[in-house]
Amino acid sequence: MSQHSITILGATGTIGLNTLDVISRHEDKFSVHALTANSNAQKLLELCIKFKPAYAVLLDEKASKDFQIGLKDSGLSTKFIFGIEGLIQVASAPEVDVVMAAIVGAAGLRPSLAAANAGKKILLANKETLVMSGGLFMNAVHQGGATLLPIDSEHNAIFQVMPSLNNGSLSSYGIRRILLTASGGPFRNTPKDDLHAVTLSQALKHPNWVMGKKITIDSATLMNKGLEVIEAHWLFNAMPEEIKVVVHPQSVIHSMVEYIDGSILAQLGNPDMRTPIAYALGFPERIESGVGSLDLFEIARLDFEKPDITKFPCLRLAYDALKMGGIAPAVLNAANEIAVEAFINGEIGFMDIPRVIEFTLEVTGHEEVTGLEMLLGTDANARQIARSLIEKIEC
Ligand code: NAD
Ligand code: MG
């Protein structure tokens, strides 16, 4: 493998840091072109001192000032660029081979699209990009000649047992369905009636994975799985009825593909994001990730359950949005981001999250996606509708 130049969008987050951990094991294979963050100037500076990127980008103005002072004192030759234009520049620069798209939420859309248009090898963790703009993004990938490798552990698992992103239908590849595994989150055994009263700290206690706040709350509502259903639709050209969610509390099987002869192929491993990251970084070669062997004797058993969509309406809402098509998944995503933020800020209760999303979907109605500007307008509008409902909810 020759040396590749990589940009890491969202370098200070969980996925960004795991990516840097894997890269630090392969200094001969990767050089860091750029590291980006939203507002954590101190962490970004630490990472710059360690990985010496050519560029660093921040989105927050105050953090940018602090960062530039620190950068000057450090004597590094890293150049600083401010804002979204900086993200787009480092995601599409000619000297970049690989882009790790690990910004959380809709904020990742424009830089991910820029990487696709520029024909990069994109390691996609930012599932919200696909949920919001699946059709636009996949077109940009194809037209830009980009290579798309999924980082989400489920999609990476599917990719490992079905190593080509499909253009045709699943059945044309001899596949019957995709089985997307879900841990069930921290409230798998909580009675439905008790969910109204769950606290933020309870919702942030994921049983198996260490992740950023937003995705941890999404895992507790099962919206994360809903977003992943939509992600699987775009990545693997799978119809909603061909994607089945299976609750598997041990999080050892990361997902499965069922073929028409009845065979089911699964990918297993410790729940550690360095495995899918290393698979995508090295692809098509396998490289060391730092993840140890799965102790099957300690795991001892694998359990499977049906997801309860009456208890977790977010999963149903995501399937509904996928079936509705058009702008519905983008509206679902925007309303979810606003509702999760409001829950984190203590403005609404846990079960208000699906209420806000359902209301926003109903009010918005159906429209086809006609382009990026229209999609960004839809996103802004849905956020406003969701916020207006949140203001009326008394916590
Ligand atoms: P995180 O919150 O830990 O990190 C998010 C990163 O994005 C940070 O570097 C932050 O500075 C940056 N960021 C946040 N808002 C931004 C903005 N407005 N503009 C620019 N940058 C911004 O999140 P995470 O857990 O690393 O997740 C990142 C993405 O990967 C999400 O889309 C998530 O769904 C996906 N993902 C994460 C995991 C996981 O295990 N953490 C697994 C699968 C998929
Ligand atoms: Mg996942």
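A residue is called buried when its relative accessible area is under 20%, exposed when that area is over 50%, and partly exposed in between. The exercises below apply this and related terms to a predicted model.

**Exercise 1.** Determine which residues hold the magnesium ion (ligand 2) as protein donors, and how they are spaced along the chain.

*Solution.* Begin with the donors themselves, which are Asp152 (OD), Glu154 (OE) and Glu228 (OE), lying 2.1 to 2.2 Å from the magnesium ion (ligand 2). Next, read their order along the chain, where the donors follow the spacing D-x1-E-x73-E. The pair Glu154 and Glu228 links distant parts of the chain, since Glu154 belongs to helix H7 (residues 153–161) and Glu228 to helix H10 (residues 223–236), 74 residues apart. Finally, apply the opening definition: both Glu154 and Glu228 are buried.

**Exercise 2.** Classify the ring pairs that Phe159 forms with Tyr279 and with Phe283, and say where the partners lie.

*Solution.* A pair of aromatic rings is described by the distance of the centres and the angle of the planes. The count of aromatic pairs comes to six. For Phe159 and Tyr279, the centres are 6.1 Å apart and the planes stand at 75 degrees, so this pair is edge-to-face, because an angle over 60 degrees counts as such. This pair links distant parts of the chain, with Phe159 in helix H7 and Tyr279 in helix H11 (residues 274–282), 120 residues apart. Phe159, at 4% relative accessibility, counts as buried, and Tyr279, at 9%, counts as buried as well.

Turn now to Phe159 and Phe283, whose pair is tilted, with 5.2 Å from centre to centre and 50 degrees between the planes. Here Phe283 sits in the loop between H11 and H12, 124 residues from Phe159 in helix H7. Phe283 has 25% relative accessibility and therefore counts as partly exposed. Taken together, ring pairs link Phe159, Tyr279 and Phe283 into a cluster.

**Exercise 3.** Decide whether Pro94 and Leu302 count as buried, partly exposed or exposed, and locate each residue.

*Solution.* Pro94 is found in the loop between helix H4 (83–92) and strand E5 (98–101), and its relative accessibility of 75% is why Pro94 counts as exposed. From Pro94 to Leu148 there are 54 residues in sequence and 18 Å in space, C-alpha to C-alpha.

Leu302 is placed in the loop between helix H12 (296–299) and helix H13 (313–324), and, at 35% relative accessibility, Leu302 counts as partly exposed. As a last step, note that Leu302 joins Leu268, Leu296 and Phe304 in making a nonpolar surface patch of about 360 Å².

Note on methods: Residues are numbered from 1 along each chain as its sequence is written. Chains are lettered from A and ligands numbered from 1 in the order in which they are written. This is a predicted model: local features need pLDDT of at least 70, side-chain atom pairs count only at pLDDT 80 or more; totals for chains, interfaces and linings use all residues. Side-chain values use heavy atoms; hydrogens and water are left out. Helices (H or I, at least four residues) and strands (E, at least two) are DSSP runs, numbered from the N terminus. Buried means under 20% relative accessible area, exposed over 50%, partly exposed in between (1.4 Å probe, protein chains only). Donors are N, O and S atoms within 2.8 Å of the metal (3.2 Å for Na, K and Ca); water is not among the atoms, so sites may look incomplete. Patches are made of residues with over 30% relative accessible area and no salt bridge: like charges are joined within 9 Å, nonpolar side chains (Val, Leu, Ile, Met, Phe, Trp, Tyr) within 5 Å. Accessible areas come from the Shrake-Rupley method with a 1.4 Å probe; for residues, only the protein chains shown count as cover. A salt bridge is a side-chain nitrogen of Lys or Arg within 4 Å of a carboxyl oxygen of Asp or Glu. Rings of Phe, Tyr and Trp (its six-membered ring) pair if their centres lie within 6.5 Å; planes under 30 degrees apart count as stacked, over 60 as edge-to-face and the rest as tilted.
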